[in-house]
Amino acid sequence: MREPVASNDAIWLQDSACNRMVINAVLLADRLEAADLRATFRRRILEGPEAPRFERLRCRITGGGHRQYWERDPDFDLDRHIVEDRVALESQEAFQDYVGHEAGRELDGAHPRWSIRVMDGYEPGTTALLVRVHHSIGDGEALVSLLFALVDEPIDGKPPAKVPPDRGGFLRAAAVPLAAPGILLRRLAWHPDHSPMHGPALSGHKHVAWTRPMDLAVVKRARQAIGATVNDVLMASVSAAFSHYLEDHGDPPPSRFLVSMPMNVRAPGAPLLCDNHFAPVPLELPAGPGVRARRILEVKASMDRVKGSAVPRAIYGLQRAALALLPDRMSRGLIDFLANKCTAVVTNVTGPRGEVTLAGSRVRSMIFWVPQRARIGIGISILSFSGRVQVGIIADEALVPDPSVLVRAFEEEFESLSSL
């Protein structure tokens, strides 16, 4: 295999020393051997009927500039990518320190840029998996599809291998050429966020933390009471947690938080391959104190405006055009300039609805961390799994030295949702 790297994938090759374009994830499972995981991975992902969808996992990237290619690694060795790690994990805090350190490390570009480290978990009788996949290989939708192909059958509520139909998508796509110039001008004119959480120079030292598993039914009851969506409630919780964090540190929240939210732009009916088809859509979140229900409704209004518009497809097309038409330095400068207006990258992913097993071992929990670019130093990743929801936070040390404080703000906000 040798094919050109499309611009929608090449954009994620614009790494920096402070922000590696790597999706990091942790799975905690019952005792699992590395050899069993390799055998399952080989059978289901590399050699099974799903293998053509995941061909990129065998490929490295060669060339440079506008002439980069996916090319089969002639020395591909699964033992190099799924490795047993002898690190001793004495507690969740020790594991968080380990993951944070790894998150700042570059993946080996001489081979396919992904790895799975298998180690004894910090809970008795468990195995922890640290999964690292370079964003150029695929986005969140693609990697969730990979997860569903890897875990054992059956899966409750297994998603289709194709993107579901999008009512009204044709009209929004048709409006993109007319809307794109105005969307770009408005984004260029936006004032960037400025607070201790966005503005200071990044250090490149990452810290990660995650919430305890929280009952998704609480979110569903809140959204039903208000007439919003699950995502509206969760995004409002992000805004509230940011506000509480700044207030607790003696800093007044800004008038609003601008966050970058990935939105899927795959064509209806398209197969879910390992690739990137999403737009980093800027979303305005209300900041400061306020009535919880009102905050959720404000987020809902902001989300509805974006979802019903041509903005996601326009941003996706503008980024692809910049990568294809401009020199790398210019395209990177333009995209970074727009990204730097945002405080954080925030994403919400739906995982398996029921319990799953991997190579015969029950998966207890899943957490992941979205990468950031330019001078964005905070990533918020929300994952629902088996009736629970967990929030993963990754932050640059210069902005949020201890993300566990932000975790507590999330958990407190979540607990207060029951009052709705």
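Biologist: Before we start, what is a salt bridge?
Modeller: A salt bridge is a side-chain nitrogen of Lys or Arg within 4 Å of a carboxyl oxygen of Asp or Glu. Keep in mind that this is a predicted model.

Biologist: Okay. How many salt bridges does the structure hold?
Modeller: There are 28 salt bridges.

Biologist: Which residue does arginine 38 pair with?
Modeller: Arginine 38 pairs with aspartate 79, and their closest N and O atoms are 3.3 Å apart. The two sit 41 residues apart, with arginine 38 in helix 2 and aspartate 79 in helix 3.

Biologist: Is aspartate 79 buried or partly exposed?
Modeller: Aspartate 79 is partly exposed, because its relative accessibility is 44%. The partly exposed range runs between 20% and 50%.

Biologist: And what about arginine 373, which residue does its side chain meet?
Modeller: Arginine 373 meets aspartate 336, with 2.8 Å from N to O. Arginine 373 lies in the loop between strand 14 and strand 15, and aspartate 336 lies in helix 11, so the pair ties together parts that are 37 residues apart in sequence.

Biologist: Where do those two stand, buried or exposed?
Modeller: Arginine 373 is buried, at 7% relative accessibility. Aspartate 336 is buried too, at 17%.

Biologist: Which residues are joined into one network?
Modeller: Asp30, Glu123, Arg362 and Arg364, through salt bridges that share partners.

Biologist: New topic. How many residues does the largest nonpolar core have?
Modeller: That core has 53 residues, and Phe242, Ile378 and Ile380 have the most contacts inside it. Helix 8 gives the largest share, nine residues. A second, separate core has 49 residues, including Val5 and Leu147.

Biologist: Why would nonpolar side chains be buried together?
Modeller: In soluble globular proteins, they simply tend to be.

Biologist: What does isoleucine 378 touch?
Modeller: Leaving out residues up to four places away in sequence, its contacts include Met197, Phe242, Val345 and Leu399.

Biologist: Now the outside. Which residues make the nonpolar surface patch?
Modeller: Leu185, Leu188, Leu334 and Phe337 make a patch of about 350 Å². Helix 6 and helix 11 each supply at least two of the patch residues.

Biologist: Is leucine 188 buried or partly exposed?
Modeller: Leucine 188, in helix 6, is partly exposed, with a relative accessible area of 33%.

Biologist: Last one, helix 12. What should its 14 residues span?
Modeller: They should span 20 Å at 1.5 Å a residue, and the end C-alpha atoms are 20 Å apart, which agrees. Among the buried residues of helix 12 are Leu406, Phe410 and Phe414.

Technical notes: Residues are numbered from 1 along each chain as its sequence is written. This is a predicted model: local features need pLDDT of at least 70, side-chain atom pairs count only at pLDDT 80 or more; totals for chains, interfaces and linings use all residues. Side-chain values use heavy atoms; hydrogens and water are left out. Helices (H or I, at least four residues) and strands (E, at least two) are DSSP runs, numbered from the N terminus. The expected span of a helix is 1.5 Å times one less than its number of residues. Buried means under 20% relative accessible area, exposed over 50%, partly exposed in between (1.4 Å probe, protein chains only). Patches are made of residues with over 30% relative accessible area and no salt bridge: like charges are joined within 9 Å, nonpolar side chains (Val, Leu, Ile, Met, Phe, Trp, Tyr) within 5 Å. Accessible areas come from the Shrake-Rupley method with a 1.4 Å probe; for residues, only the protein chains shown count as cover. A nonpolar core is a set of buried Ala, Val, Leu, Ile, Met, Phe, Trp, Tyr and Cys residues joined through side-chain atoms within 4.5 Å. Contact means heavy atoms within 4.5 Å.
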